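Reader: I'm new to reading protein models, and I keep meeting labels without seeing where they come from. Could you take me through this one, label by label?

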Amino acid sequence: MDAARDTAALREMLHAARRVVVFTGAGISTESGIPDFRGPNGTWAQMRPILFQDFLASPEARREAWRRRFESDPVMRAAQPNRGHRAVALLVRQGKASSVITQNIDGLHQASGIPEDRVIELHGNSTYAHCLDCGARHEIAALHEAFLREGDVPDCAACGGLVKTATISFGQAMPEEAMARAQQETLAADLFLVLGSSLVVYPAAGFPEIAKRNGARLVIVNRQDTPLDDIADLVIRHGIGEVMGGAVGVN
């Protein structure tokens with residue numbers, strides 16, 4: 001496939017669209033140095049995920065979950081928005097894209113300048129933590145200091161509840177508000193743009209299907225095949241930064 005031709009086709013579709021919704025997965029952030037979860041070298045190929053029920057029931061599982069989070073902290077802090085993130089941010093600033101629905105937990109869309117209320121995080125955010133009971137926010141740096149000092153993360157000072165990264169773990173209910181907002185945005189889109197998602201994790205992966213059935217054009221930019229390639233109006237196999245930067249005009 002020709003990258004210049006595909007980029008030009010995407011540019012035309014973006015120009016014609018009235019309301020774009022961008023849906024992002026791990027592929028957009030791998031270009032910032034954050035490893036994915038499902039790839040052959042991904043996180044879950046190296047270690048089994050910790051289930052939510054195990055986190056609740058087992059102090060050992062909680063300590064292991066926090067150990068993994070703190071081990072990944074240098075990579076997370078070093079990661080910066082890349083060309084793909086900046087292109088998406090420009091679409092939002094221009095009013096072309098109404099929102100970004102993301103499966104990512106790295107906060108890079110917000111770091112690229114997209115307002116918090118325009119980013120719909122389906123799987124939460126690992127850049128901070130919260131209390132599972134009262135919802136109080138806890139900062140990762142302070143929790144890390146306590147972990148190094150005491151070998152554990154303390155319970156919430158406000159209510160005594162368990163503190164967990166603000167992410168959605170296996171076995172944990174999807175966030176109702178985020179799912180409802182994503183559904184609303186999907187139904188309002190006339191162009192649904194998927195960037196770097198394998199589209200195998202449901203219910204999140206259902207949104208592109210909903211958009212297509214509702215009459216939106218569907219574009220998928222991903223290095224590997226996805227289950228929805230056959231229904232897409234345009235499938236692009238090149239790098240997200242290269243394609244989006246070229247289509248939007250971002251270096």
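Author: Sure. This is a predicted model, and a good place to begin is a sheet. Three strands form an open sheet in the order 5-4-6, with antiparallel pairing.

Reader: What makes strand 5 and strand 6 the edge strands?

Author: Strand 5 (137–139) and strand 6 (163–167) each pair on one side only. From one strand to the next, the twist averages 50°.

Reader: How do you know that strand 4 and strand 5 pair?

Author: Two strands pair if there are at least two bridges between them. Strand 4 (residues 124–131) and strand 5 have three bridges, in the antiparallel sense, so they pass that cut-off. You can find Tyr128 opposite Glu139 in strand 5, and His130 has Arg137 of strand 5 as its bridge partner. The hairpin of these two strands has five residues between them, and Gly135 there takes a positive phi near 85°.

Reader: And what makes strand 4 and strand 6 a pair?

Author: Use the cut-off again: at least two bridges. Strand 4 and strand 6 have five, also in the antiparallel sense. One example is Asn125, whose bridge partner in strand 6 is Ala166.

Reader: Which helices touch this sheet?

Author: Helix 5 (residues 59–71) packs on the sheet and touches strand 4 and strand 6, with its direction at about 55° to that of strand 6. Helix 9 (residues 140–150) lies across strand 4, strand 5 and strand 6, and runs at about 65° to strand 5.

Reader: Why are helix 5 and helix 9 called oblique to each other?

Author: Look at the angle: they pack at about 120°, with their axes 11 Å apart. Roughly perpendicular covers 65 to 115 degrees, and roughly antiparallel starts over 145. The angle of about 120° falls in neither range, so the two helices count as oblique. Their crossing is left-handed. On the helix 5 side, the contact is made by Arg63, Trp66, Arg67, Arg69 and Phe70; on the helix 9 side, by Ile140, Leu143, His144 and Phe147.

Reader: Then why is helix 10 called roughly parallel to helix 11?

Author: Same recipe. Helix 10 (residues 176–188) and helix 11 (residues 206–213) pack at an angle of about 30°, with axes 9 Å apart. Angles under 35 degrees count as roughly parallel, so helix 10 gets that label with respect to helix 11. Helix 10 passes helix 11 in a right-handed crossing. Met179, Ala182, Gln183, Thr186 and Leu187 of helix 10 meet Phe207, Ile210 and Ala211 of helix 11.

Reader: Why is Thr186 called buried or exposed, whichever it is?

Author: Buried means under 20% relative accessible area. Thr186, which sits in helix 10, has 0%, so it counts as buried. Leaving aside residues up to four places away in sequence, Thr186 touches Ile101, Phe192, Phe207, Ile210 and Ala211. Pro208 is 22 residues from Thr186 in sequence, yet their C-alpha atoms are 7.7 Å apart in space.

Reader: What makes strand 2 mostly covered?

Author: Six of the six residues in strand 2 (residues 97–102) are buried. Strand 2 also has partners. Strand 1 (residues 20–24) pairs with strand 2 in the parallel sense over five bridges, and Val21 has Ser99 of strand 2 as its bridge partner. Strand 2 and strand 3 (residues 119–121) pair in the parallel sense too, over three bridges, with Ile101 opposite Ile120 in strand 3.

Reader: Last topic: how do you know how many disulfides the structure holds?

Author: A disulfide needs two cysteine sulfur atoms within 2.5 Å, and the structure holds zero of them. For Cys134, the nearest cysteine sulfur is that of Cys159, 3.7 Å away. For Cys156, the nearest is that of Cys134, at 3.8 Å. Neither distance is within the cut-off, so neither Cys134 nor Cys156 is in a disulfide.

Reader: Why is Cys134 called partly exposed while Cys156 is called buried?

Author: Buried is under 20%, exposed is over 50%, and partly exposed lies in between. Cys134 has 42% relative accessibility, so it counts as partly exposed. Cys156 has 4%, so it counts as buried.

Notes. Residues are numbered from 1 along each chain as its sequence is written. This is a predicted model: local features need pLDDT of at least 70, side-chain atom pairs count only at pLDDT 80 or more; totals for chains, interfaces and linings use all residues. Side-chain values use heavy atoms; hydrogens and water are left out. Buried means under 20% relative accessible area, exposed over 50%, partly exposed in between (1.4 Å probe, protein chains only). Helices (H or I, at least four residues) and strands (E, at least two) are DSSP runs, numbered from the N terminus. Axes are lines fitted to C-alpha atoms, for helices over the stretch in contact, and angles run from 0 to 180 degrees between N-to-C directions. Contact means heavy atoms within 4.5 Å. A crossing is left-handed if the near helix is turned anticlockwise from the far one by less than a right angle, and right-handed if clockwise.
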